Amino acid sequence: MSRFLRSFVFAWSGIRSAASSQANMKFHLAAAIVVNAAGLLIGLSRLEWLAIVIVQGMVLAAETMNTAIEHVVDLASPQEHPLAKAAKDTAAGAVLITAITAVIVGLFVFGPHVLP
Ligand SMILES: Nc1ncnc2c1ncn2[C@@H]1O[C@H](COP(=O)(O)OP(=O)(O)OP(=O)(O)O)[C@@H](O)[C@H]1O
């Protein structure tokens, strides 16, 4: 297997591991399915899809990175430590920022389609 393909397989396994172990990741994936189905139903424009795809990627990437940070913190600091808490809470904060951004973008994109 080529080096590039091996890296891809490892990365894919990381995504699968995050998706299967993290409740938040499952929630984001479910939300993405609902949003994409609604987008198909409504018939979003190319630009609207662009915005939706970008924010979905941001949220899923942030949640995946958050999972990685949680693993490293659990490994480095199995005992309670203020820095471990700060690291986890800050990483979770990053996910929250992307999720709020996604909701705002969703309102801008879907709002005009569903509001009278
Ligand atoms: N080693 C630790 N030291 C101090 N605080 C911690 C530590 N591990 C987790 N916490 C804090 O405890 C709270 C709850 O953490 P918890 O472990 O339930 O969730 P998480 O590890 O952040 O995410 P998940 O539930 O997805 O594993 C969070 O505020 C987190 O920062």
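Select I52 to begin: this residue lies in helix α3 of a predicted model. I52 counts as buried because 21 C-beta neighbours fall inside 10 Å, and the cut-off for burial is 20 or more. Setting aside residues up to four places away in sequence, display V35, G39, L44 and V109, which I52 touches. Then draw a C-alpha to C-alpha distance from I52 to A32; the two are 20 residues apart in sequence and 9.2 Å apart in space.

**The core around I52**

Extend the selection to I52, V55, V59, L60, A62, V95, A102 and V109, the eight residues of the largest nonpolar core. Two elements, α3 (46-76) and α4, each give two or more residues to this core. Which of the elements gives the most to this core? The answer is α3, with five residues.

**Helix α3**

Select the whole of α3 next. This helix has 31 residues, and the distance from its first C-alpha to its last is 45 Å, close to the 45 Å expected at 1.5 Å a residue. Colour its buried residues: I52, V55, Q56, V59, L60, A62, E63, T64, N66 and T67. Now show what covers these buried residues of α3; the cover includes α1 (3-21), α2 (23-42) and α4.

**Helix α1**

Move to α1, one of the elements in that cover. Is α1 itself well covered or hardly covered? It is hardly covered, as one of its 19 residues is buried. Measuring between the end C-alpha atoms of α1 gives 27 Å, which agrees with the 27 Å that 19 residues should span at 1.5 Å a residue.

**T90 on helix α4**

Select T90, which is found in helix α4. T90 is exposed because 11 other C-beta atoms lie within 10 Å, and a residue with 12 or fewer counts as exposed. A C-alpha to C-alpha line from T90 to I69 has a length of 9.9 Å, across a sequence separation of 21 residues.

**The ligand shell**

Centre the view on the ligand and select the residues around it: Q22, E70, S77, E80, H81, A84, K85, K88 and D89. Helix α4 (residues 82-114) supplies the largest share of this shell, four residues. Colour the shell by residue class; one residue is nonpolar, three are polar and five are charged.

**The whole chain**

Finally, zoom out to the full protein chain. How many helices and strands does the chain contain? There are four helices and zero strands, and the order from the N terminus on is α-α-α-α. Along the principal axes, the C-alpha trace spans about 55 × 40 × 20 Å. The radius of gyration of the chain is 17 Å, whereas a compact globule of 116 residues would have one near 13 Å.

Colour the chain by burial to see that 16% of its 116 residues count as buried. A contact map completes the tour: among contacts with a separation of 6 or more, 70% join residues 24 or more positions apart.

Conventions
Residues are numbered from 1 along each chain as its sequence is written. This is a predicted model: local features need pLDDT of at least 70, side-chain atom pairs count only at pLDDT 80 or more; totals for chains, interfaces and linings use all residues. A residue is near a molecule or strand if its C-beta atom, placed from the backbone, lies within 6 Å of it. Ala, Val, Leu, Ile, Met, Phe, Trp, Tyr, Cys and Pro count as nonpolar, Asp, Glu, Lys and Arg as charged, and the others, Gly among them, as polar. The radius of gyration is taken over C-alpha atoms; the globule rule is 2.2 Å times the number of residues to the power 0.38. Two residues are in contact if their C-beta atoms, placed from the backbone, lie within 7 Å. A nonpolar core is a set of buried Ala, Val, Leu, Ile, Met, Phe, Trp, Tyr and Cys residues joined through C-beta atoms within 7 Å. The expected span of a helix is 1.5 Å times one less than its number of residues.
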